[in-house]
Amino acid sequence: CIGTSVVAACAAAAAVAEHFGVSFKIAAERLSQEMQPMHGRLNPIAGARGSLIIDDTYNAAPASVHAALVALSYFMNAQSYKRRIAVLGKMAELGQYSVYEHEAVGRHAAEIADVFVAVGSEMRAAFDAARAAGMSHNAVEWFGTPDAAASYMRRAVAAGDVILVKGSQSSRMEKVIIPIMAQPEKASELLVRQSEYWKSH
């Protein structure tokens, strides 16, 4: 499991266990045995060509996108990884705050990611903000659809890449992941929205 939210949940569970007389050691052992990443929630998946995918495609809001970027930053000094790639779709239902929040995400991505791929019309503001923040032009891409982004990522992914993929449900960012999985045949087991209904929409 990846991310501080998981650590916070485990700490809360251990505190409750201790309240009911379960030792921290036993609680920690059970958590290590039972805790499993949830589909689409900072779930690590083996990627193509020796990459690592962080699948956070279940949904997106400003707070969760910033938290996911922080999780991506944990790989900054990891010697076994080379590039941090943020592939981000829109955050829906933000109303009058949409441009402001997408711009904030773009600035944050510029601080964290070596490559930033923005997907969808709303994410154009994030793309522009990342470039304005000093991210080089060849490190920032924008695509109108997840299918177009998937086509780009299929060509771009390389050994040592850590790829965060996130977006609101309606942005269908799980479509970006399938072509860059080490085992795409396991998509129905590992990804969100893999029912026949979702596949046809």
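## Around strand β3

Leu 88 stands opposite Ala 118 in β4. That pairing is a good place to start exploring this predicted model, so keep the structure open as you read.

**The strand and its partners**

Leu 88 also has a bridge partner in β6, namely Lys 166. Zoom out a little to strand β3, residues 83-89, and you will find it mostly covered, with six of its seven residues buried. Which way does β3 run relative to its partners β4 and β6? With β4, β3 runs parallel, and the pairing with β6 is parallel as well. Here are the two pairings side by side:

| Partner of β3 | Residues of partner | Bridges |
|---|---|---|
| β4 | 115-119 | five |
| β6 | 161-166 | six |

Now follow the chain from β3 to β4. Helix α4, residues 98-112, joins these two strands in a β-α-β unit, and this unit is right-handed.

**Two nonpolar cores**

In soluble globular proteins, nonpolar side chains tend to be buried together. How many residues are in the largest nonpolar core here? This core holds 29 residues, and Leu 69, Leu 88, Phe 116 and Leu 164 have the most contacts inside it. Several elements each supply at least two of its residues: strands β2 (52-56), β3, β4 and β6, together with helices α3 (62-73), α4 and α5 (124-132). Of these, α3 gives the most, with five residues.

Phe 116 is worth a closer look. Setting aside neighbours within four places in sequence, Phe 116 is in contact with residues including Ala 86, Leu 88, Ala 109, Phe 127 and Val 140. Gly 106 and Glu 141 are also among its contacts.

There is a second, separate core too, made of 22 residues; Ile 45, Val 117, Met 153 and Ile 163 are among them.

**The whole chain**

Stepping back, the chain has nine helices and six strands. Its C-alpha trace spans about 55 × 40 × 35 Å along the principal axes. Why can the chain be called compact? A compact globule of 201 residues would have a radius of gyration near 17 Å, and the chain has 18 Å, so the two agree.

Buried residues make up 45% of the 201 residues. On the outside, the chain exposes about 10300 Å², and carbon and sulfur atoms supply 55% of that area. Finally, take the contacts between residues at least 6 apart in sequence: 66% of them join residues at least 24 apart.

Key: Residues numbered from 1 in each chain as written. Predicted model: local features only at pLDDT ≥ 70, side-chain atom pairs only at ≥ 80, totals over all residues. Heavy atoms only, no water. Buried < 20%, exposed > 50% of the residue type's maximum accessible area, 1.4 Å probe, protein only. Helix = DSSP H or I, 4+ residues; strand = E, 2+ residues; numbered from the N terminus. Pairing = 2+ DSSP bridges. Right-handed = clockwise from strand over helix to strand, strands pointing away. Core = buried A, V, L, I, M, F, W, Y, C linked by side-chain atoms within 4.5 Å. Contact = heavy atoms within 4.5 Å. Rg over C-alpha atoms; globule rule 2.2 N^0.38 Å. Areas by Shrake-Rupley, 256 points an atom, 1.4 Å probe, with all protein chains shown as cover.
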